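Here's a quick tour of a small set of computed features, written for someone who likes to check things against the coordinates. Have a look at the model first, then read on.

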Amino acid sequence: MADKHEPDGIVLTEAQKKSRRQRSIAIALALGVLVVLFFAVTMVKGPAVLVRPM
């Protein structure tokens, strides 16, 4: 058997890891902004958002 430990699959470079992390942070921030936007719109509309004609 081999004595050295070789990782299975794809090994990312440091630049690729940094790029992946930045992309993940950007997606998280965009999702957070979207959540805040939906919350703000709901608060502005008030309880009328639940009153709908049947």
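## Where the helix starts

Keep in mind that this is a predicted model. A good place to begin is Gln16, which sits in helix H1, a stretch covering residues 14-45. Gln16 comes out as partly exposed, at 41% relative accessible area. Its side chain also has a partner: one of its polar atoms is 2.9 Å from the backbone nitrogen of Thr13.

## The helix itself

How far does H1 reach from its first C-alpha to its last? The answer is 47 Å for 32 residues, close to the 46 Å you'd expect at 1.5 Å a residue. For a feel of the spacing inside that stretch, take Lys17 and Leu34: they're 17 residues apart in sequence, and their C-alpha atoms are 26 Å apart in space.

What happens just after H1? There you'll find Gly46, with a positive phi of about 75 degrees.

## A greasy-looking stretch of side chains

Now for the surface. Leu31, Leu34, Val35, Leu37, Phe38 and Val41 make up a nonpolar patch there, and together they have about 560 Å² of accessible area.

Two members of the patch are worth a closer look. Leu34 is part of helix H1, and Phe38 belongs to H1 as well. Are they partly exposed or exposed? Leu34 has a relative accessibility of 38%, so it counts as partly exposed. Phe38 has a relative accessible area of 52%, and because the cut-off for exposed is over 50%, Phe38 goes down as exposed.

## The chain as a whole

Zooming out, the chain has one helix and zero strands. Its radius of gyration is 23 Å, well over the 10 Å that the globule rule gives for 54 residues, so the chain is more spread out than a compact globule. The C-alpha trace tells you about the proportions too: along the principal axes, it spans about 70 × 25 × 10 Å.

How much of the chain counts as buried? Just 2% of its 54 residues do, where buried means under 20% relative accessible area. As for the surface, the chain exposes about 5600 Å², and 68% of that is supplied by carbon and sulfur atoms.

Methods: Residues are numbered from 1 along each chain as its sequence is written. This is a predicted model: local features need pLDDT of at least 70, side-chain atom pairs count only at pLDDT 80 or more; totals for chains, interfaces and linings use all residues. Side-chain values use heavy atoms; hydrogens and water are left out. Helices (H or I, at least four residues) and strands (E, at least two) are DSSP runs, numbered from the N terminus. Buried means under 20% relative accessible area, exposed over 50%, partly exposed in between (1.4 Å probe, protein chains only). A polar contact is a pair of N or O atoms within 3.5 Å; within protein, one must be able to donate a hydrogen and the other to accept it, and residues adjacent in sequence count only if both atoms are side-chain atoms. The expected span of a helix is 1.5 Å times one less than its number of residues. Patches are made of residues with over 30% relative accessible area and no salt bridge: like charges are joined within 9 Å, nonpolar side chains (Val, Leu, Ile, Met, Phe, Trp, Tyr) within 5 Å. Accessible areas come from the Shrake-Rupley method with a 1.4 Å probe; for residues, only the protein chains shown count as cover. A salt bridge is a side-chain nitrogen of Lys or Arg within 4 Å of a carboxyl oxygen of Asp or Glu. The radius of gyration is taken over C-alpha atoms; the globule rule is 2.2 Å times the number of residues to the power 0.38.
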